[in-house]
Amino acid sequence: MRFFEEHEGTLLFSGDNGIPLIRYHIADEGGLIPHDRMLAFLAEHGFHPGDDGPDLPFAYVFGRGHFTVSYYGANVYPENTAIGLEQPEVNTLVTGKFALEVTEDAERDRHLTVTVEPAPGLRGADETAQAIGRSILTQLRRLNSEFADYVPPAKQPPVVHLRETGDPDHFPPGAKHSYTKA
């Protein structure tokens with residue numbers, strides 16, 4: 001059993017697990033809608049689901065807005081990028097650490113930029129960055145319909161920068177990793 005609460009536009013949950021969690025902040029934007037209010041809303045729109053379910057609130061989730069970057073109106077999630085790095089053709093080339101950001105060049109063109117930490121001992125090369133970029137792009141198109149539909153095809157391929165393993169500016173050892181840059 002889980003108990004959900006809404007707090008300042010995000011969800012908290014409590015659960016009786018191996019280690020009980022009390023008011024755990026899961027960092028997902030969302031909230032709760034009371035059962036009767038949801039049924040009234042659905043009825044206003046011609047949908048009548050029946051009355052045989054429990055009288056529980058409905059939870060809605062928008063995802064982790066603080067952990068996304070917005071690119072051409074599409075939210076780009078670290079989870080989708082991570083799957084690109086987990087693919088067999090590139091997973092031995094990387095540690096799995098990366099940072100997403102939207103950058104501008106001298107002409108003020110915007111680019112989805114992914115800074116990636118290569119596997120220990122691997123030197124960054126153009127071919128490696130290109131393979132990583134292709135894998136990330138394939139997964140973004142497959143998993144993120146906003147990205148596939150909103151971002152112009154010519155602007156979809158990410159710019160991939162490789163930094164050395166443990167780079168103090170991007171991947172400092174022992175520090176909590178952040179998957180997005182402001």
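Which strands does helix α2 (residues 78–85) lie across, and at about what angle does the helix run to β7? Helix α2 lies across β7 and β8, running at about 130° to β7. Angles run from 0 to 180 degrees between N-to-C directions, with axes fitted to C-alpha atoms, for helices over the stretch in contact, and contact means heavy atoms within 4.5 Å. This is a predicted model, in which local features need pLDDT of at least 70 and side-chain atom pairs count only at pLDDT 80 or more, while totals for chains, interfaces and linings use all residues. Residues are numbered from 1 along each chain as its sequence is written, and side-chain values use heavy atoms, with hydrogens and water left out.

**Sheet**
- An open sheet of three strands follows the order β7-β8-β9, with mixed pairing; strands are DSSP runs of E (at least two residues) and helices are runs of H or I (at least four), numbered from the N terminus.
- Its edge strands are β7 (94–104) and β9, each pairing on one side only.
- From one strand to the next, the twist averages 25°.
- Strands pair if DSSP finds at least two bridges between them; β8 (residues 110–118) and β9 do so in the parallel sense over four bridges.
- Valine 114 has valine 160 of β9 as its bridge partner, and valine 116 has leucine 162 of β9.

**Faces and helix α3**
- In a regular strand the side chains alternate between the two faces of the sheet.
- Strand β9 (residues 159–162) has Val160 and Leu162 on a covered face, and Val159 and His161 on an uncovered one.
- Helix α3 (residues 126–143) lies across β7, β8 and β9, at about 135° to β9.

Conventions:
Buried < 20%, exposed > 50% of the residue type's maximum accessible area, 1.4 Å probe, protein only.
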